[in-house]
Amino acid sequence: MQDEWEYEQEQEYDQIFGQTTGLLAQRGDEEAVSLMVDVHHMAIEDTDEAIQTETYQDPWTLQSRTRTIFRRKVLLDVEEHLIPRFAEDVRRRILRTLRYVAERNGQGDIAYIEPRPALPELGENWRDTFRNRLTAERPSNQARRERDTKHPVEDALTFGSKEELRVYRALKRLQTRFPEHDTIAIAPLPGIRLRTGNTWSPDVLVMGRGRALIIETDGPYHRSTRRYVDDRNRDLQWQRCGVHVVRIPVEDLEDDDSLDARLKEEILRYLPPP
């Protein structure tokens, strides 16, 4: 009986969460939606703040009893590194919408929302998993991923896909055309921490002439609504650092001459000569 009640409660919370995300999307709040889609789980609990005390009749004993009604809070389980993204202004916008939806669903007065680290999912052999991580060779900061046969490697650098490697080779061809005193540096998949608390690995970071440029290779999955919002949010974070982002569809990688011309044009635009 308890399990059934908990299941129904989870279903209700999921509905409230989905309706809140939907309203935020209708209102064009892409920043809030990008945070909501990364939430693993939502729970609603009482706070210590009492609103009122009311008297009611116990249906079993027919005696009068009193109960205290408390204001409530919403707990959002997210990956720990995403918590800093829930800044006060966006948290306030989410709360305003969530409070309305929760009240419509009979969940009382929501006082605030609180993001918290999601608990990791563990397999049966979790001890062996973590023990192996401790003894494994530590990866370099380049790519933040282990070197293995799943990813292309060239010049002792790891790439996320053969398309990213193709862009890297095109950039190397351009690099040789720049004079020695005025050239570019190419950093595939560097690990970079931004002020939002996120640690991302852009496909390629190109540096030269005192400036930097991000080049991303976009496959078909980047066209989904969720990925589109995530990409725009990432681009915004880079723009706040004064770094431009160029996105190249994989369909534009077939012809080397066209790819070289496109990359040269973007580099001259965003890394102009002094």
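Is Leu189 buried or exposed? With a relative accessibility of 2%, Leu189 counts as buried, where buried denotes under 20% relative accessible area, exposed over 50% and partly exposed the range in between, computed with a 1.4 Å probe on protein chains only. The structure is a predicted model, in which local features need pLDDT of at least 70 and side-chain atom pairs count only at pLDDT 80 or more, whereas totals for chains, interfaces and linings use all residues. Residues are numbered from 1 along each chain as its sequence is written, and side-chain values use heavy atoms, with hydrogens and water left out.

The secondary structure of the protein comprises 7 helices and 11 strands; helices (H or I, at least four residues) and strands (E, at least two) are DSSP runs numbered from the N terminus. Of the 274 residues in the protein, 38% are buried. Among contacts with a separation of 6 or more, 60% join residues 24 or more positions apart, a contact being heavy atoms within 4.5 Å.

Helix α5 spans residues 162-177. Its 16 residues reach 23 Å from the first C-alpha to the last, close to the 22 Å expected at 1.5 Å a residue; the expected span is 1.5 Å times one less than the number of residues. The buried residues of α5 are Glu164, Leu165, Val167, Tyr168, Ala170, Leu171 and Leu174. An α-helix has 3.6 residues a turn, so residues three or four places apart point the same way. The buried residues of α5 pack against the strands β4 (153-154), β5 (157-158), β6 (185-188), β9 (204-208) and β10 (211-218), and against helix α7 (256-270).

Within α5, Val167 counts as buried because its relative accessibility is 1%. Leaving out residues up to four places away in sequence, Val167 touches Val204, Ile215, Thr217, Leu253, Leu259 and Leu263. Leu253 lies 86 residues from Val167 along the chain, yet their C-alpha atoms are separated by 7.6 Å.

A search of the whole structure returns 1 aromatic pair. The ring centres of Phe159 and Tyr168 are 4.8 Å apart and the ring planes stand at 45°, so the pair is tilted. Rings of Phe, Tyr and Trp (its six-membered ring) pair if their centres lie within 6.5 Å, with planes under 30 degrees apart counted as stacked, over 60 as edge-to-face and the rest as tilted. Phe159 and Tyr168 are both buried.

The axes of α5 and α7 come within 10 Å and cross at roughly 65°; axes are lines fitted to C-alpha atoms, for helices over the stretch in contact, with angles from 0 to 180 degrees between N-to-C directions. This crossing of α5 and α7 is right-handed, the near helix being turned clockwise from the far one by less than a right angle, whereas an anticlockwise turn would be left-handed. The contact involves Arg166, Val167, Ala170, Leu171, Arg173, Leu174 and Arg177 of α5, together with Asp256, Leu259, Asp260, Leu263, Lys264 and Ile267 of α7. These residues of the α5 contact with α7 divide into 7 nonpolar, no polar and 6 charged. In this classification Ala, Val, Leu, Ile, Met, Phe, Trp, Tyr, Cys and Pro are nonpolar, Asp, Glu, Lys and Arg are charged, and the others, Gly among them, are polar.

Helix α3 (residues 88-104) has 17 residues, for which a span of 24 Å is expected at 1.5 Å a residue; the end C-alpha atoms are 24 Å apart, in agreement. Val90, Ile94, Leu95, Thr97, Leu98, Val101 and Ala102 are buried in α3. Just after α3, Gly106 adopts a positive phi of about 75°. Thr20, in helix α1 (residues 2-26), counts as buried at 0% relative accessibility. Apart from neighbours within four places in sequence, Thr20 contacts Met36, Ile94, Thr97, Leu98 and Val101.

Most residues other than glycine have a negative phi. Leu189, in the loop between β6 and β7 (192-193), has a positive phi near 50°. Arg209, in the loop between β9 and β10, likewise has a positive phi, of about 60°, although it is not a glycine. Arg209 is partly exposed, with a relative accessible area of 25%. Asp182, in the loop between α5 and β6, is buried, with a relative accessible area of 19%. The C-alpha atoms of Asp182 and Gly208 are separated by 7.7 Å, with their positions 26 residues apart along the chain.
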